[in-house]
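User: I've got a handful of questions about this model. Please take them one at a time and show your reasoning.

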Amino acid sequence: MKEQVKGIESYVPEEPLTQVKKRLGLKKLVRLSANENPFGTSNEVKNALLNWNFSEGNRYPDGNATQLRQAIATKLDVQPENLVFGVGLDEIIMLLSHIFLEKGDEVLLTKPTFSEYALHAEIEGCKVVEVPCNTETGGHSFAGMLAKITAKTKIIWLCNPNNPTGVYEKPAAIADFVAQVPADVLVVIDEAYIHYVTDTKAPSFLPFLDKYPNAVLMRTFSKAYGLANYRVGYAVMAAKLAAYMQAVRLPYNLNALSQTAALAALNDQKFVADSVQKTERERKAWEKFLTAANIKHFHSQANFIFFKYPDAPGLADMLLKNGYQLRRGLAKDWLRLTIGTAADGEKIRELIKTQKRS
């Protein structure tokens with residue numbers, strides 16, 4: 001066994017909602033801790049799956065995800081060979097780390113950010129170098145990262161919008177940063193929440209990708225497309241880098257049902273637009289409330305809000321007892337709230353008002 005693996009704690013998944021409801025005696029429990037789409041999944045996905053040829057269940061799926069690959073390549077205006085598919089972005093993150101990292105390498109990432117970047121670096125025996133986010137805005141510290149680059153730096157992770165802060169960086173700012181990064185350092189831009197960005201009409205780094213062959217872009221169907229259960233993620237990168245990934249990934253990683261679901265979801269952009277519109281409206285309501293209540297938070301462009309509260313665990317416990325589960329433990333005194341429905345948002349805000357008065 002790798003020595004570094006011995007010190008890593010096993011992943012502990014969230015307790016199933018049915019068990020939490022039973023344990024707390026709740027009739028209703030809304031999970032606002034996993035950044036899922038509260039508005040469900042496109043009906044086009046349901047129809048596509050009901051019409052799937054189940055007689056093919058004994059056959060291996062298309063290992064190249066040909067139809068989905070071509071559809072995404074067309075939509076993004078990239079070549080099919082620039083795409084690599086994974087079982088969610090989890091597998092893409094694992095593959096990037098496994099292929100490009102060696103023991104003794106270093107990775108740079110913002111603190112706080114998505115925990116799996118650091119996890120897979122540790123599995124490969126690498127040093128994780130954390131650069132604190134801007135304490136006022138919650139944004140990435142590009143200057144801080146540039147100052148931490150060494151001859152051992154191999155991968156820089158940029159989640160945009162960042163999880164858990166929700167803060168978004170403009171593509172030009174990221175491009176300016178990548179231009180200053182050595183060409184032999186991989187810069188991975190995780191755009192899992194890019195569909196929720198409404199501050200600008202052109203939020204993605206994608207147009208800059210051709211200019212920087214050491215940059216990789218990641219996307220997922222788990223958020224705005226409402227396919228978290230189907231586990232479909234992908235990365236866009238230079239064909240040379242993609243070839244390395246294709247050589248190592250499992251040959252049948254995406255099953256046929258997942259491919260069918262993703263293709264149907266991709267074709268229903270109205271569902272995505274409606275989800276984003278509802279999220280934006282409720283996100284604004286949350287920011288207005290938090291500002292008026294003098295509760296510190298960062299301006300979010302994702303489907304969640306990160307806010308600081310004096311007794312964050314106590315507030316989370318109170319909300320859980322009232323049927324609302326938030327994400328805790330990401331930073332001291334901070335909670336992450338997935339943007340839910342307007343009705344749930346109104347109820348939670350009333351509960352927080354009550355908590356503040358008591």
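User: By class, how many nonpolar, polar and charged residues does the lining of the largest cavity have?

Analyst: It's a predicted model: local features need pLDDT of at least 70, side-chain atom pairs count only at pLDDT 80 or more, and totals for chains, interfaces and linings use all residues. Residues are numbered from 1 along each chain as its sequence is written, and side-chain values use heavy atoms, leaving out hydrogens and water. I72, K75, L76, H195, R219, F221, Y225, Y234 and L266 line this cavity (points on a 1 Å grid over the protein atoms alone where a 1.4 Å probe fits but cannot get out; lining residues have an atom within 4 Å of a point). With Ala, Val, Leu, Ile, Met, Phe, Trp, Tyr, Cys and Pro as nonpolar, Asp, Glu, Lys and Arg as charged, and the others as polar, the split is six nonpolar, one polar and two charged.

User: Which helix gives the largest share of that cavity's lining?

Analyst: Helices here are DSSP runs (H or I, at least four residues), numbered from the N terminus. Three of the lining residues come from a single one, residues 66-76. That's helix 4.

User: What is the volume of the second largest cavity?

Analyst: The whole structure holds two cavities of 30 Å³ or more, the largest with about 70 Å³ of space. The other is lined by residues including D62, R69, F85 and R249, and its lining has three nonpolar, four polar and three charged residues. Counting the space filled by probe spheres set on the grid points, its volume is about 40 Å³.

User: How are helix 3 and helix 10 oriented to each other?

Analyst: Helix 3 (residues 43-50) has its axis 8 Å from that of helix 10 (residues 256-266), and they pack at about 140 degrees. Axes are fitted to C-alpha atoms over the stretch in contact, and angles run from 0 to 180 degrees between N-to-C directions. Under 35 degrees is roughly parallel, over 145 roughly antiparallel, 65 to 115 roughly perpendicular and the rest oblique. So the two helices are oblique.

User: Which residues of helix 10 meet helix 3?

Analyst: Contact means heavy atoms within 4.5 Å. Helix 3 brings E44, V45, A48 and L49, and these meet L257, T260, A261, A264 and A265.

User: And which residues of helix 6 make the contact with helix 5?

Analyst: The axes of helix 5 (residues 88-100) and helix 6 (residues 116-123) come within 9 Å, crossing at roughly 35 degrees. D90, I93, M94 and S97 are helix 5's part of the contact. On helix 6's side there are E116, Y117 and H120.

Note on methods
1 Å grid on protein atoms, 1.4 Å probe; cavity = no way out; pocket = protein on both sides within 12 Å on 5 of 7 lines; lining within 4 Å.
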